[in-house]
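Got your viewer open? Let's take a short walk through this one, a stop at a time.

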Amino acid sequence: MIWLFVFIPMAPIVNNLSIVLFIFISFLPSSLSTILKYPAIINLGDSNSDTGNLISAGIETVNPPYGQTYFNLPSGRYCDGRLIVDFLLDAMDMPFLNPYLDSLGLPNFKKGCNFAAAGSTILPANPTSVSPFSFDLQISQFIRFKTRSLELLSKTVGRRYEKYLPPLDYYSKGLYMIDIGQNDIAGAFYSKSLDQVLASIPSILETFELGLKRLYEEGGRNFWIHNSGPLGCLAQNIAKFGTDPTKLDEFGCVSSHNQAAKLFNLQLHALSNKFQAQFPDSNVTYVDIFSIKSNLIANYSRFGFENPLMACCGVGGAPLNYDSRITCGQTKVIDGISVTAKACNDSSEYINWDGIHYTEAANHFVSSQILTGKYSDPPFPDQMPFFLSLKF
């Protein structure tokens, strides 16, 4: 028996209805009781879930106004506040994940570690890559983390590390969250035709599958895999590839990029099902981020947003407020004029933060939709032991 209580305040907050959903679960079947209850989270991916690895590596820096909405200063996240992974962990009553490369601030990895790094790809990095931390390298970092952690815990002095490092059984009981692949697809368009990009997808996913098997061999059994969002709706891609209106769809997004993302997702879904069948003791959850984000962009006003494609932090004004020559927070001389890429007055009205990444408000919406369970395979509706403020 599942009891559901919904309380809806009638007063609008910042021109949006704030709906607070309280779910009390009095009983769950044993097969469902472990949903969102894991002792540790291992996260791999790109900027969608990077909580500071690329910054900790010294490869890039982010300056204010990054982090302004929640952390009040740059947190290593490519966002004005929290990411989808942050909201999901909050729903699991878990702490935010410390980045693997963060050596300062006494990071605690007891309940998990984040290996995601902005700009990362599934395919091995090359000399022109933004990030050297490809999917395979992130897995190697995870294996190093696991090996070294268990070595420290096995020593006589290991007790001093027990509250900072996960024990052996956490690696099999934990959840492996993965959100990567969009840089492989979007980056390919800079040197390949649409047909060539589509033809490259099987090899990209072969590499992804090999990575999954490595994680399985290391004891991983619970996998949570996000597909790619609608890449053609990012201001960066519209500015570069959408200058010809015939290349855009009805929502103003670049059709070719979304077509490639759809094919990638279709094959990723098939791979997830194949992996589940091949390793029946594993639990693979495929999450359809594309549908959630596409629905948000198509029906943005219904969900309380005012700008579906335009970047909050950038320069140039409407329709995109994006210039590839200057990133959010930077000041540069462009065409003989000193300009600063500043944030908009209210980021909660925007879906896109800096032309590439989503705002905290949009991430909040996406995570709330993920937690309904209806965008996942297998789905898990009405089984969520959490409460989360939903923005509509």
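Start by selecting Thr359, which sits in the loop between strand E11 (350–352) and H10. Keep in mind that you're looking at a predicted model. Is Thr359 buried or exposed? Its relative accessible area is 0%, so Thr359 counts as buried.

Now show what surrounds it. Skipping neighbours within four places in sequence, Thr359 is in contact with Cys79, Asp80, Ser347, Tyr350, Ile351, Asn352 and Trp353. Add Gly81 to your selection too: 278 residues separate Gly81 from Thr359 along the chain, yet their C-alpha atoms are 7.2 Å apart.

Next, pick out helix H10 (residues 360–370) together with helix H2 (residues 84–91). Their axes come within 8 Å and cross at roughly 50 degrees, which means H2 is oblique to H10. The crossing of H2 and H10 is right-handed. Turn on side chains here: from H2, Ile84, Phe87 and Leu88 meet Glu360, Asn363, His364, Val366, Ser367 and Ile370 of H10. Sorted by class, that contact has five nonpolar, three polar and one charged residues.

Stay with Ile370 for the next stop. Along with Ile41, Ile185 and Phe208, Ile370 has the most contacts inside the largest nonpolar core, which holds 84 residues. Colour helix H6 (residues 194–217) as well, since the largest share of this core, nine residues, comes from there. In soluble globular proteins, nonpolar side chains tend to be buried together.

Zoom in on Ile41. Beyond its neighbours within four places in sequence, its contacts include Leu89, Met92, Cys113 and Met177.

Last stop: another core, apart from the largest one, has 14 residues, among them Tyr66, Tyr78, Cys312 and Cys328.

Definitions and conventions: Residues numbered from 1 in each chain as written. Predicted model: local features only at pLDDT ≥ 70, side-chain atom pairs only at ≥ 80, totals over all residues. Heavy atoms only, no water. Axes fitted to C-alpha atoms, helices over the stretch in contact; angles between N-to-C directions. Helix = DSSP H or I, 4+ residues; strand = E, 2+ residues; numbered from the N terminus. Parallel < 35°, antiparallel > 145°, perpendicular 65-115°, else oblique. Left-handed = near helix turned anticlockwise from the far one by under 90°. Contact = heavy atoms within 4.5 Å. Nonpolar A, V, L, I, M, F, W, Y, C, P; charged D, E, K, R; others polar. Core = buried A, V, L, I, M, F, W, Y, C linked by side-chain atoms within 4.5 Å. Buried < 20%, exposed > 50% of the residue type's maximum accessible area, 1.4 Å probe, protein only.
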